[in-house]
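Please open the model in your viewer and keep the sequence panel beside it. The tour below goes from stop to stop, telling you what to select and what you will find there.

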2 protein chains.
Amino acid sequence: MTAPRTIGIGILGLGTVGQGVWKHLTEKKADLEARLGVRIDLRGASVRNLRKRRAVRIPSSRLTSDPHAIVDDPKVHVVCELIGGTTRARELTLRALRLGKVVVSANKALLCEHGPEIFRAVRRHGGQFLFEASVAGGIPIIKAIREGLVANRFELIVGILNGTCNHILTRMGEDGLSFADALKEAQELGFAEADPTLDVDGIDAWHKASILAWLAHGKWAPRNRTLVEGIRKIGPADIDFARRFGFALKHLAVVRRDFRQNWMTVGVYPALVPNRDILARVSGVNNGITLKGDVVGATTLAGRGAGGDATASAVIGDIVDAIAALTGAAPQGLSAEALAAREKSGRALRMADEEEIVAPFYLRLSLLDQAGVSEGVYRVFSRHKVSIARVIQYEHPNQGRGTVTLSTYPVNERRMAAVVRGLKGLRTVLEEPVVLRIFSPES
Amino acid sequence: MTAPRTIGIGILGLGTVGQGVWKHLTEKKADLEARLGVRIDLRGASVRNLRKRRAVRIPSSRLTSDPHAIVDDPKVHVVCELIGGTTRARELTLRALRLGKVVVSANKALLCEHGPEIFRAVRRHGGQFLFEASVAGGIPIIKAIREGLVANRFELIVGILNGTCNHILTRMGEDGLSFADALKEAQELGFAEADPTLDVDGIDAWHKASILAWLAHGKWAPRNRTLVEGIRKIGPADIDFARRFGFALKHLAVVRRDFRQNWMTVGVYPALVPNRDILARVSGVNNGITLKGDVVGATTLAGRGAGGDATASAVIGDIVDAIAALTGAAPQGLSAEALAAREKSGRALRMADEEEIVAPFYLRLSLLDQAGVSEGVYRVFSRHKVSIARVIQYEHPNQGRGTVTLSTYPVNERRMAAVVRGLKGLRTVLEEPVVLRIFSPES
């Protein structure tokens, strides 16, 4: 087969994930085409209800109520199965694979229940089945296991794989809510379904854990040999014990492998995690996974484990991999054209000016210990319209000097430099001020 | 060119990383060959001193003191440049690229200082230059930016990229050491060089930050337009302020991009990070990076940022990518043969028995409030030889009952099940005991 230079994409199902894929793939199309050196043709999507109003505007000519029209379209090379469930989804996935196509899927239940059948079809007909989006939303965990960390065998994979449980446990543990109230809140915020069983009883996390176990170890864990527990039983005394002894309560999926004895375990259950562990800091609806590899040691990936956009990010990642494989495009988008395009866009980019870089600041000042000193210092800040958030003043009376540490509200670099120059001009400021930035990726 | 079925690998330099690559590639060779459907030929390594004793045993017939013998060997398709520096390394890298070969590199200084020249050679001669190992050791951050999160534009990349600085700041912040003592300790532990300048003054982190900025945005940040600060100035008052107001002191590399104004900033400096941020939990010699993508939101990767084995993991990941590209092997190792091999090894794998699964446990018991109750409970534990670590007892005298929460030392599932059965058999245990596992990925 000669490598096609136009790749057709078809989408089955336009829920939040399907709409996210359509939207972001359309927005990034030109960039991805330049990077891959191919044309991307977003051919259409199948939906149940053609008339339904959707947040993402899609021309009606691109919509069909017949998923076979998408799957069978000879110009569609990559089929994104985003309808969910295991009946229709299974039939359509197998149909696409039998046509030798690539199927990109976010469907964890389908993979868990019909994995062997799906991969038999892949083997027989030369297609591909890609499923980054099926576990941990936008976190590229499948790719990390399969590619980036390919040198490793994994003795342990442990993850927070259900955002609903994690949100509930975070609210219970950090804010003292009861399970019932935290669940109700999660439902109101759209983080939990009206029937929360799949999430709070551990079924969703169990699906994801089995996929990770199969991926790392090649075996589908039988349901009756694995522990699947939810979080309904967690109560205030458990939260209290955890807090007193430095633990966070987390709903974990744990896959252990013993390479000498050649066994594995898969379990999904609430557990106490020491606060020092990075997973204890994965809070709210986020997911996080720690992989313990024999070469690399413990590596953790964390981020948004669900939601239309995060999951769309994973689907698009798989689509791009599929395109590279189908067209023989340079791996990692490093074709000569892609490099030239990068250089060109790099040339148009400028470095920010000092006014454009903004952060809250921290300062440490060494001050002469005499009346009126603080006032002079604060006058410098107010002259440059910089507001102070917090102050600690330390006195060292025997040394005739004091230390002041303080933080500011956000201010740009140029203004802060002016403040520092002003402070250095004061006779009462004894040493070079220490200036640090306060930084939060969340801000 | 027809796809070769045997891929020759050559290594330049056998320091800790080079030895790690040789060792792990040799150990995993059969597995990788099955996965990729090709033969891997580890042809040889060049060293400065042929007589030097090394931790990894390599037949002397595979060693040469002439790196050109490796680079020019027509059977070597992939050259791993692990000698470091920018003179010899540059010459050898360009020589290999001009022969159209793949160069896998851990050399951040080389890429920073000669990136444009290197990629010009890639473009002109059709080779590849792969550099996962140059940033953040074993953490697959380059692949995440380039592939897994390819749907995203990154408005923010913020990372702890220097393990030496992070170890020093962790010891100062958590254990009260002075900068001098923490540095001395890091040197004794082998985490810092005798001359620590490159690390503690921020040069190493700056190299890595520029690579990430270039990768994400296509522009090499000029050194004179970026802020590069080290950690020498951090003192006890700074640590005190941070602790009181809920911050951790971290040495950060920050790459910001404003897509509307089309600017970027690159900065490397110590900063206060709120404890709630996951980066505040990246401690010791670990590295961690948060990527804020427009589609996926904030995604964090953390793990070992340096060391021979972790870096070797990244080098081998790149080698496998190179092999897949050179041979047209199925992406992600999903060839029909690879799938069959996985299935076979999966069939040989068994699920663990209950005695093989071990953890410390937590229990919550609801007890009748009368004399001698606790004694009966503890007798059940000691009968099964399960040691108790911590206990909290709550009395609810008006209800005629109390609650006991406790944790155990590690015990296997079968023994714990026996304890729970024993407890349930007591007349004084009023409800189904709540049983949770205590889990630490670090343990």
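Begin by selecting residues 141-148 in both chains: helix α5 of chain A packs against helix α5 of chain B at an angle of about 120 degrees, with their axes 11 Å apart. Here helices (H or I, at least four residues) and strands (E, at least two) are DSSP runs numbered from the N terminus, while axes are lines fitted to C-alpha atoms, for helices over the stretch in contact, and angles run from 0 to 180 degrees between N-to-C directions. α5(A) and α5(B) are therefore oblique to each other, given that angles under 35 degrees count as roughly parallel, over 145 as roughly antiparallel, 65 to 115 as roughly perpendicular and the rest as oblique. Their crossing is right-handed; a crossing is right-handed if the near helix is turned clockwise from the far one by less than a right angle, and left-handed if anticlockwise.

Now show the side chains of Lys143(A), Glu147(A) and Gly148(A), which meet Lys143(B), Glu147(B) and Gly148(B), where contact requires that C-beta atoms, placed from the backbone, lie within 7 Å. This contact has no nonpolar, two polar and four charged residues, with Ala, Val, Leu, Ile, Met, Phe, Trp, Tyr, Cys and Pro counted as nonpolar, Asp, Glu, Lys and Arg as charged, and the others, Gly among them, as polar.

A word on what you are viewing: this is a predicted model, in which local features need pLDDT of at least 70 and side-chain atom pairs count only at pLDDT 80 or more, whereas totals for chains, interfaces and linings use all residues. Residues are numbered from 1 along each chain as its sequence is written, and chains are lettered from A and ligands numbered from 1 in the order in which they are written.

Next, colour the two chains separately. A turn of 180 degrees, with a shift of 0.0 Å along the axis, lays chain A on chain B with an RMSD of 0.0 Å, the superposition being by least squares on the C-alpha atoms of residues with pLDDT of at least 70 in both. The two copies are thus related as by a two-fold rotation axis. To find this axis, select Leu301(A), whose C-alpha is the nearest to it in chain A, at 2.2 Å.

Hide chain B for a moment, and chain A shows 14 helices and 19 strands. Within chain A, select residues 108-125 and 203-217, which are helices α4 and α9, packed at an angle of about 55 degrees with their axes 9 Å apart. α4(A) passes α9(A) in a left-handed crossing, and the residues of their contact divide into five nonpolar, three polar and two charged.

Bring chain B back and go to Leu426(B), in the loop between α14 (413-424) and β19 (434-438). With 16 C-beta neighbours inside 10 Å, Leu426(B) counts as partly exposed; a residue is buried if 20 or more other C-beta atoms lie within 10 Å of its own, exposed if 12 or fewer, and partly exposed in between. Leaving aside residues up to four places away in sequence, Leu426(B) touches Gly376(B) and Val377(B).

For the last stop, select Lys385(B), in the loop between α13 (373-383) and β16 (388-396) of chain B. Is Lys385(B) buried or exposed? Lys385(B) is exposed, with 9 other C-beta atoms within 10 Å, and its phi is near 60 degrees, a positive value in a residue other than glycine. Most residues other than glycine have a negative phi.

Methods
Two residues are in contact if their C-beta atoms, placed from the backbone, lie within 7 Å.
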